[in-house]
Amino acid sequence: MLVRWLVFIHVLSAITFFLAHGAAAAMVFKVRSETDFVRIRAMLDLAVSTFKAYMLSFLIMGLTGLTMPFLIHIWNKAWIWLSIVLILFVVVWMGLVNEKQIKQLRRLVGLPYMQGSKKYPAEPPASPEEVAALLKKINPYQWALVGYGIPAVVLWLMVFKPF
């Protein structure tokens, strides 16, 4: 019965994560076409507004996902290890790209920003040309491939347990 509850909580936290992270995903697709700094700032702030919810749900998803293999004795299955490696790849990749692109965009449009885990106050906005150059580097399809495609593969591994 405990495993069923853990599966339920694991799936519910995954749904919550993707729902809460939807604002950030939508922002990555829309922000590239914006030139108005006020609109860019609003999108960046909206994307950050659900950060606590999606990080908490990700933590719960991770804890339940790491607990269940102990209870059902499946650490010897390759699919569980591949799932962990793939999710860790997504986390690292998203963190690195977020650091290089979104956090820098916050800085360039005059919002408070972070470098690593250190917070910085807003600076005067950069030129529209600098912002446009950074916006061109954001590839929402690459974000979608990593942020949606790889979790879809992990879901496939969990459901079909191919090896």
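**Questions on a helical model**

Biologist: Neighbours within four places in sequence aside, which residues is Leu105 in contact with?

Modeller: This is a predicted model, in which local features need pLDDT of at least 70, side-chain atom pairs count only at pLDDT 80 or more, and totals for chains, interfaces and linings use all residues. Residues are numbered from 1 along each chain as its sequence is written, and side-chain values use heavy atoms, with hydrogens and water left out. Contact means heavy atoms within 4.5 Å. With those neighbours left aside, the partners of Leu105 are Val31, Ile40, Leu44, Val131, Leu134, Leu135 and Ile138.

Biologist: Which residues touch the most other members of the largest nonpolar core?

Modeller: A nonpolar core is a set of buried Ala, Val, Leu, Ile, Met, Phe, Trp, Tyr and Cys residues joined through side-chain atoms within 4.5 Å. Buried means under 20% relative accessible area, exposed over 50%, and partly exposed in between, with a 1.4 Å probe and protein chains only. Among the 32 residues of the largest core, the ones touching the most other members are Ile40 and Leu105.

Biologist: And which element gives the most residues to this core?

Modeller: Helices (H or I, at least four residues) and strands (E, at least two) are DSSP runs numbered from the N terminus. Two or more core residues come from each of H2 (22–30), H3 (37–49), H5 (78–108), H6 (128–137) and H7 (140–160). With 10 residues, the element that gives the most is H5.

Biologist: How many residues make up the second core?

Modeller: In soluble globular proteins, nonpolar side chains tend to be buried together. Here a second core stands separate, with Ala14, Phe17, Ala20 and Tyr54 among its members. Its residue count is 5.

Biologist: How wide an arc do the buried residues of H6 cover around the axis?

Modeller: Val131, Leu134 and Leu135 are the residues to look at, being buried in H6. They lie on the same side of H6 because their arc, taken from the directions from the helix axis to the C-beta atoms, is only 105°.

Biologist: Which helices do those buried residues of H6 pack against?

Modeller: The face turned away from the buried side carries the exposed residues Glu129, Lys136 and Lys137. The buried residues of H6, in turn, pack against H3 and H5.

Biologist: Which helices each supply at least two residues of the nonpolar surface patch?

Modeller: Patches are made of residues with over 30% relative accessible area and no salt bridge, joining like charges within 9 Å and nonpolar side chains (Val, Leu, Ile, Met, Phe, Trp, Tyr) within 5 Å. This one is about 930 Å² by the Shrake-Rupley method with a 1.4 Å probe, where only the protein chains shown count as cover for residues. Its members are Met1, Trp5, Phe8, Ile9, Leu12, Leu56, Leu59, Ile60 and Leu63. The helices that each supply at least two of them are H1 (2–20) and H4 (51–72).

Biologist: Is Thr64 buried or exposed?

Modeller: Thr64 lies in helix H4. Beyond its neighbours within four places in sequence, Thr64 is in contact with Leu6, Ile9 and His10. Its relative accessibility is 7%, so Thr64 counts as buried.

Biologist: Which residues are joined into one network by salt bridges that share partners?

Modeller: A salt bridge is a side-chain nitrogen of Lys or Arg within 4 Å of a carboxyl oxygen of Asp or Glu, and that rule gives 5 of them. Glu34, buried at 10% relative accessibility, pairs with Lys30 at 3.7 Å, N to O, and with Arg39 at 3.0 Å between the closest N and O atoms. Arg107 and Glu123 also meet in a salt bridge, at 3.7 Å, tying together parts 16 residues apart in sequence, since Arg107 lies in H5 and Glu123 in the loop between S2 (118–120) and H6. The network made through shared partners joins Lys30, Glu34 and Arg39.

Biologist: In what order do the elements of the protein run from the N terminus?

Modeller: The protein has 7 helices and 2 strands, and its C-alpha trace spans about 55 × 25 × 25 Å along the principal axes. From the N terminus on, the order is α-α-α-α-α-β-β-α-α.

Biologist: What percentage of the exposed area do carbon and sulfur atoms supply?

Modeller: Of the 163 residues, 34% are buried. The protein exposes about 10200 Å², and the part supplied by carbon and sulfur atoms is 73%.
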